[in-house]
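Please look through the sequence and the model first. The paragraphs after them go from the overall layout to single residues.

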Amino acid sequence: MILATIVVVNYNGLEHLPPLFASLAAQTCRDFEIVFVDNGSSDGSAAAALQLGAAYGIKTNLICNDDNRGFAPACNQGIDVSQAEYVIMLNNDTRPEAQWIERLIATVLLKPYLVMIIHLLMRSSSFPLNVF
């Protein structure tokens with residue numbers, strides 16, 4: 001069983017995908033998959049997600065909606081197909097630090113009564129948005 005599923009909801013976010021996948025490829029915990037839910041994009045981002053996943057050796061499952069179903073329904077689609085122990089929601093314009101997944105999982109293991117963890121988002125001058 002995979003430890004974590006990262007659900008990424010996307011709508012015409014092609015420009016965000018290369019740095020997103022690069023930061024996920026740099027994770028110290030590699031026991032994860034991506035469920036990429038594309039909400040009817042017209043910019044080629046669905047195909048790019050599969051190509052980037054393959055290039056970085058990240059298992060990437062694709063859900064393609066014919067139209068934009070909205071953020072919450074797309075999140076639920078991704079959650080529904082996960083078979084991992086943990087589900088992590090991640091926006092397509094974020095750049096997680098290398099120990100992001102490891103730290104999230106460690107927090108849950110130390111405090112098993114937690115059912116949800118919210119990660120801190122911080123702006124950086126070099127990236128649009130970072131996740132710590």
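Helices and strands here are DSSP runs, numbered from the N terminus, where a helix has at least four residues and a strand at least two. With that in hand, the protein chain reads β-α-β-α-β-α-β-β-α-β-β along its sequence. In total the chain holds four helices and seven strands. The model is a predicted one.

Some overall values describe how the chain is packed. Of its 132 residues, 44% are buried. Among contacts between residues at least 6 apart in sequence, 76% join residues that are at least 24 apart. The chain exposes about 7100 Å², and carbon and sulfur atoms supply 57% of that area.

The interior comes next. The largest nonpolar core has 25 residues. Within this core, the residues with the most contacts are I6, L17, L24, F32, I34, W100 and I101. Two or more residues each come from strand 1 (4-10), helix 1 (17-25), strand 2, helix 2, strand 4 and helix 4 (100-110). Another core, of seven residues, lies apart from the largest one, and V35, V37, I63 and A74 are among its members.

I6 shows what such a core residue touches. Leaving aside neighbours within four places in sequence, I6 is in contact with L24, F32, E33, I34, V35, I88, L90, W100 and I101. Several of these partners, including L24, F32, I34, W100 and I101, are also listed among the core residues with the most contacts.

A49 is a second residue to look at from the inside. A49 is found in helix 2. Is A49 buried or exposed? Its relative accessible area is 0%, so A49 counts as buried. Not counting residues up to four places away in sequence, A49 touches L17, F21, F36 and T60. A49 and P18 are 31 residues apart along the chain, while their C-alpha atoms are separated by 8.5 Å.

Charged pairs can be searched for across the whole structure. How many salt bridges does such a search find? It finds two salt bridges. One of them is formed by E33 and K59, with the closest N and O atoms 3.5 Å apart. This pair links distant parts of the chain: E33 belongs to strand 2 (residues 32-39), K59 sits in the loop between helix 2 (45-56) and strand 3 (60-65), and the two are 26 residues apart. E33 is buried because its relative accessible area is 5%. K59 has a relative accessible area of 46% and therefore counts as partly exposed. E33 is also one of the residues in contact with I6.

The side chains of E97 and R103 meet in a salt bridge as well, at 3.6 Å from N to O. E97 has a relative accessibility of 33%, so E97 is partly exposed. R103 is partly exposed too, because its relative accessibility is 45%.

Cysteines are a separate matter. How many disulfides are there, if a disulfide is a pair of cysteine sulfur atoms within 2.5 Å? The count comes to zero. C29 has a relative accessible area of 15% and is therefore buried. C75 is buried as well, because its relative accessible area is 9%.

On the surface, I79, V87 and M89 make a nonpolar patch of about 200 Å². V87 lies in strand 4 (residues 86-91). V87 counts as partly exposed because its relative accessibility is 36%. Leaving aside neighbours within four places in sequence, V87 is in contact with T5, V7, I79 and S82. I79, a contact of V87, is thus met again as a member of the patch. V87 and I34 are 53 residues apart in sequence, and the distance between them is 9.9 Å, C-alpha to C-alpha.

A last stop concerns the backbone. Most residues other than glycine have a negative phi. N12 is not a glycine, yet N12 has a positive phi of about 50°. Where is N12? N12 lies in the loop between strand 1 and helix 1. At 25% relative accessibility, N12 falls in the range from 20% to 50% and so counts as partly exposed.

Methods
Residues numbered from 1 in each chain as written. Predicted model: local features only at pLDDT ≥ 70, side-chain atom pairs only at ≥ 80, totals over all residues. Heavy atoms only, no water. Patch = residues over 30% accessible without salt bridge, like charges linked within 9 Å, V, L, I, M, F, W, Y side chains within 5 Å. Areas by Shrake-Rupley, 256 points an atom, 1.4 Å probe, with all protein chains shown as cover. Salt bridge = Lys/Arg side-chain N within 4 Å of Asp/Glu carboxyl O. Buried < 20%, exposed > 50% of the residue type's maximum accessible area, 1.4 Å probe, protein only. Contact = heavy atoms within 4.5 Å. Disulfide = S-S within 2.5 Å. Core = buried A, V, L, I, M, F, W, Y, C linked by side-chain atoms within 4.5 Å.
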